[in-house]
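Welcome, and please open your viewer. We will walk through this chain one selection at a time, with a short look at each stop.

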Amino acid sequence: MIARRIWRSHRFLRPFSSSSVCAPPFRVPEFHSQSSSSPASRPFLVHPLTLMKWCGGSRSWYSNEAMAIDSNAGLIDVPLAQTGEGIAECELLKWFVKEGDPIEEFQPLCEVQSDKATIEITSRFKGKVALISHSPGDIIKVGETLVRLAVEDAQDALLVTADSPEIVIPGGSKQKTDNVVGSLSTPAVRNLAKDLGIDINVITGTGKDGRVLKEDVLRFGDQKGFLTDSVSSEHTIVGGDSGSTIASNFEDKTVPLRGFNRAMVKTMTMATSVPHFHFVEEINCDALVELKQFFKENNTDSTIKHAFLPTLIKSLSMALAKYPLVNSCFNAESLEIILKGSHNIGVAMATEHGLVVPNIKNVQSLSLLEITKELSRLQHLATNNKLNPEDITGGTVTLSNIGAIGGKFGSPLLNLPEVAIIALGRIEKVPKFSEEGTVYPASIMMVNIAADHRVLDGATVARFCCQWKEYIEKPELLMLQLR
């Protein structure tokens, strides 16, 4: 009703929409300040883009502080674009900008993580950051608005946006609506509340318009026992008996699965539906230990660190060349086996961001030195959560080096659609008997090959493992096949 009255009394007043981002200034009702010594005596002009809300009670117009930008600028919503095939949502990791910052074309705005890779979102426009719609840690659907930008050439920018394959949701996303309806706060304050496990919507804000401040979050956390006191880890329960205490260290905590951890739920759930066949063998690694020591002693490049894994990867590729069925994928719908031409050997890596399996492409064409360098590159990117989608897609067989952490036996699950995965145990010295009956020390490694029993039978896996074992125990045989 209020909007209808305004429309009748001010017929030239246009409702704000995405198509009116470049509308000229218009006249709004008089604003009579109750706090000033003299009320306003005449109407004033406000650009339609800075118009945010109409408060019927106080009959005043006001704009968000983040919208206090160039009056000649227009607003454009920047949505989360499709970051990869099959990606429906991403986790927001961090912002590179804040509200009010000027930005240039192709300047990074934020960093998001899907279940496949970490990606930087860049700006296609030059202007200012008007409004940030999400906080780090939020799960954002493809098409939801990430940030609202104020740009100078709004009409041209909107034409570019309309021609772009990105999905733009007019009016913003659900998350943004929740931010307006719920507690007002900055992304930093919301992130603080999330880290403390506090629902920010239950906090009474003491800032302007009920905005929740950092002090409000800390005060609420201290009252409810979310913060650990430097003297004692126990806090008195508010409103209860003065002698009643609760230890915050023993409280339950709900941890949402994000990024690679969420992807692992999907892949491992699918893997449990596939019939697995396991083959276990022990391999004498005396020659492998000597070869690594030789590489270290003759290493002239300080940036290269020689290890057992590159030789294991190369010897695995040599065995795959003789048993291509192990290097294949299975299509359950068409009941077809796809023999992969490239040996893209994946290596499972445990990081603080979750389990990820990047793969080394075309191992059959790489030297030991090239494999060592590529493995080091992937390990560095995985540690810093900077892997590209190309690094973690297209694998044909996987190695899981659990021995690097500890343990000499593991029972892995397939990394579908691959048909084989191999768990490597740690190399340890154990006593062995020679043919003459004498005891000698040997460096033994246990391997466990998990195979898709719909594609591979036990005999094929056993022959393949014996071939790989021979290459490891007698690495000089690799010289006959190296290219």
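Start with the whole chain in cartoon view: its secondary structure comes to ten helices and 25 strands. Helices (H or I, at least four residues) and strands (E, at least two) are DSSP runs, numbered from the N terminus. You are looking at a predicted model, in which local features need pLDDT of at least 70 and side-chain atom pairs count only at pLDDT 80 or more, while totals for chains, interfaces and linings use all residues. Residues are numbered from 1 along each chain as its sequence is written, and side-chain values use heavy atoms, with hydrogens and water left out.

**The whole chain**

Switch on the surface. The chain exposes about 26,700 Å², and carbon and sulfur atoms supply 54% of that area (Shrake-Rupley method with a 1.4 Å probe; for residues, only the protein chains shown count as cover). Of the 483 residues, 40% count as buried. Here buried means under 20% relative accessible area, exposed means over 50%, and partly exposed lies in between, with a 1.4 Å probe and protein chains only. Now consider contacts (heavy atoms within 4.5 Å): among those between residues at least 6 apart in sequence, 60% join residues at least 24 apart.

**Stop one: a four-stranded sheet**

Select β9, β8, β6 and β11. In that order the four strands form an open sheet, and their pairing is antiparallel. β9 (118-122) and β11 (139-141) stand at the edges with a single partner strand each, so one side of each is left without a neighbour in the sheet. From one strand to the next the twist averages 40°, taken between axes that are lines fitted to C-alpha atoms, with angles running from 0 to 180 degrees between N-to-C directions.

Zoom in on β6 (residues 89-95), which runs antiparallel to β11 and is joined to it by three bridges. Two strands pair if DSSP finds at least two bridges between them. Label Glu 89 and you will find its bridge partner in β11, Lys 141.

**Stop two: strand β25 and its partners**

Next, select β25 (residues 439-452). Ten of its 14 residues are buried, so this strand is largely enclosed by the rest of the structure. Which strands should you show beside it?

- Add β15 (residues 276-284), which is antiparallel to β25 and joined to it by nine bridges. Val 280 stands opposite Asn 448 of β25.
- Add β24 (residues 428-433), also antiparallel to β25, with six bridges between them. Val 430 has Ala 442 as its bridge partner in β25. Five residues lie between the strands of this hairpin, and Gly 437 takes a positive phi near 95° there.
- Add β23 (residues 420-424), which pairs with β25 in the antiparallel sense over five bridges. Ile 422 stands opposite Ile 449 in β25, while Leu 424 has Val 447 as its bridge partner.

Stay with β23 and show its side chains. Five of its five residues are buried, so β23 is largely enclosed by the rest of the structure. Ala 420, Ile 422 and Leu 424 point one way from the strand, and Ile 421 and Ala 423 point the other way. Then bring in β22 (residues 397-400), which runs parallel to β23 and is joined to it by three bridges. Thr 398 stands opposite Ile 421 there.

**Stop three: aromatic rings**

How many aromatic pairs are there to visit? The count comes to two, using rings of Phe, Tyr and Trp (its six-membered ring) whose centres lie within 6.5 Å; planes under 30 degrees apart count as stacked, over 60 as edge-to-face and the rest as tilted.

Select Phe 294 and Phe 295. Their ring centres are 6.3 Å apart and their planes are at 55°, so the pair is tilted. Phe 294 is partly exposed at 48% relative accessibility, and Phe 295 is partly exposed at 24%.

Now move to Tyr 323 and Phe 464, an edge-to-face pair with 6.4 Å centre to centre and 80° between the planes. This pair links distant parts of the chain, 141 residues apart: Tyr 323 is in the loop between α8 (309-322) and β16 (328-331), and Phe 464 is in helix α10 (residues 458-473). Are these two residues buried or partly exposed? Tyr 323 is partly exposed, with a relative accessible area of 21%, whereas Phe 464 is buried at 1%.

For a last selection, show Lys 292 and Phe 308. The charged end of Lys 292 sits over the Phe 308 ring, 4.4 Å from its centre (the rule asks for NZ of Lys or CZ of Arg within 6 Å of the ring centre and within 35 degrees of the ring normal).
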